[in-house]
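Trainee: Got a minute to go through a model with me? I'd like to talk about contacts and empty space.

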Amino acid sequence: MVHWSAEEKQLISGVWAKVSVEECGAEALARLLIVYPWTQRFFSDFGNLSSPTAIVGNPKVRAHGKKVLTSFGEAIENLDNLKGTYSRLSELHCDKLHVDPENFRLLGDMCPIVLAAHFTKDFTPACQATWQKLVGLVAHALARKYH
Amino acid sequence: MLTAEDKKLIQQMWGKLGGAEEEIGAEALTRMFCSYPPTKTYFPHFDLSPGSDQVRGHGKKVVAALSNAIKNLDNLSQALSELSNLHAYNLRVDPPRFSLQFLSQCLQVALATRLGKDYSPEVHSAVDKFMSAVASVLAEKYR
């Protein structure tokens, strides 16, 4: 069972309250597709991904980024049961989407960078550590039902 | 492979830091020790408490090496040759791919906190590729 200290929960909820799920989600996904272009393989029906500008402006990328980060919000409401929260999504990513779980780690790592660019020095080392822990656990939960 | 555009973005970004480079080194290390506690195992001889002089000093060293690499993007292998020897034969940090990835992440977070939206996806991509290239060079002589 994962343990979350009161401070960690505060660092998560404090940041989350100020986040625009749509903006952050869009940005995190866009950065994934730009920084690790091979991840575009999962989004061949998204239309124009030919340049960073195209990716950032792509409405399907924005919409999907929002979806992904919305599910993060659910995880944050259920920090003590990440496995349960992501069980169905884990099966989906394995059985239907065929996504290598390494990609969850890559996308997860985009989040602290997006948050750092938004919150600048308020995104303290302690804050980053908590969020790195969270994205790591989410990635783990998403990989759990793979077979 | 670093494109000409990547190199330009990296050098421009580094130029924007206005002398904050040394602080960034210490901050990247502090963030790394905080987010990835196993990395502390390489510094049992250091005082790792917040504001430690040793961490500041080491951060300065790391950034100086990166600065030198950034001035020599066309020949990273040569620029980092000494460090490559050091990491392979003395320090033997667990596969650089592994630990540098954590330092890279934390350096990027430190840069993003300073540059805000100037740490654009394009700059982010260039820096990530650069750190990956640095890690490869440092790993060249491991075996």
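Mentor: Sure, let's take the interface, then the pocket, the cavities and the salt bridges.

Mentor: Ground rules: this is a predicted model, where local features need pLDDT of at least 70 and side-chain atom pairs count only at pLDDT 80 or more, while totals for chains, interfaces and linings use all residues. Residues are numbered from 1 along each chain as its sequence is written, chains are lettered from A and ligands numbered from 1 in the order in which they are written, and side-chain values use heavy atoms, with hydrogens and water left out.

Trainee: OK, how many residues does each chain put into the contact?

Mentor: Chain B gives 21 and chain A gives 22, with contact meaning heavy atoms within 4.5 Å.

Trainee: And what's the area buried between chain B and chain A?

Mentor: About 1800 Å², and carbon and sulfur atoms give 59% of that. Buried area here is the accessible area (1.4 Å probe) that two parts lose on being put together, summed over both.

Trainee: How many salt bridges between chain B and chain A?

Mentor: Zero, taking a salt bridge as a side-chain nitrogen of Lys or Arg within 4 Å of a carboxyl oxygen of Asp or Glu. There are 10 residue pairs in polar contact between chain B and chain A, both residues at pLDDT 80 or more. A polar contact is a pair of N or O atoms within 3.5 Å; within protein, one must be able to donate a hydrogen and the other to accept it, and residues adjacent in sequence count only if both atoms are side-chain atoms.

Trainee: Switching topic: what's the volume of the largest pocket?

Mentor: About 800 Å³. On a 1 Å grid over the protein atoms alone, a pocket is an open set with protein on both sides within 12 Å along at least five of seven lines, a cavity is a set of points where a 1.4 Å probe fits but cannot get out, and lining residues have an atom within 4 Å of a point. Grid points are joined across faces, edges and corners, and a volume is the space filled by probe spheres set on the points.

Trainee: Which lining residues are closest to the pocket's centre?

Mentor: Out of 37, they're Tyr36(A), Trp38(A), Asp128(B), Lys129(B) and Ser132(B). H7(B) gives the most to that lining, nine residues; helices are DSSP runs (H or I, at least four residues), numbered from the N terminus.

Trainee: How many cavities are there of 30 Å³ or more?

Mentor: Four, and the largest cavity holds about 70 Å³. Its lining includes Trp16(A), Phe72(A) and Trp131(A), and H6(A) has the largest share with three residues.

Trainee: Back to salt bridges: what's the count over all chains?

Mentor: It comes to 13. One of them joins Lys9(A) and Asp80(A), 3.9 Å from N to O. Lys9(A) sits in helix H1 (residues 6-17) of chain A and Asp80(A) in the loop between H4 and helix H5 (82-96) of chain A, so the pair ties together parts 71 residues apart in sequence.

Methods: Helix = DSSP H or I, 4+ residues; strand = E, 2+ residues; numbered from the N terminus.
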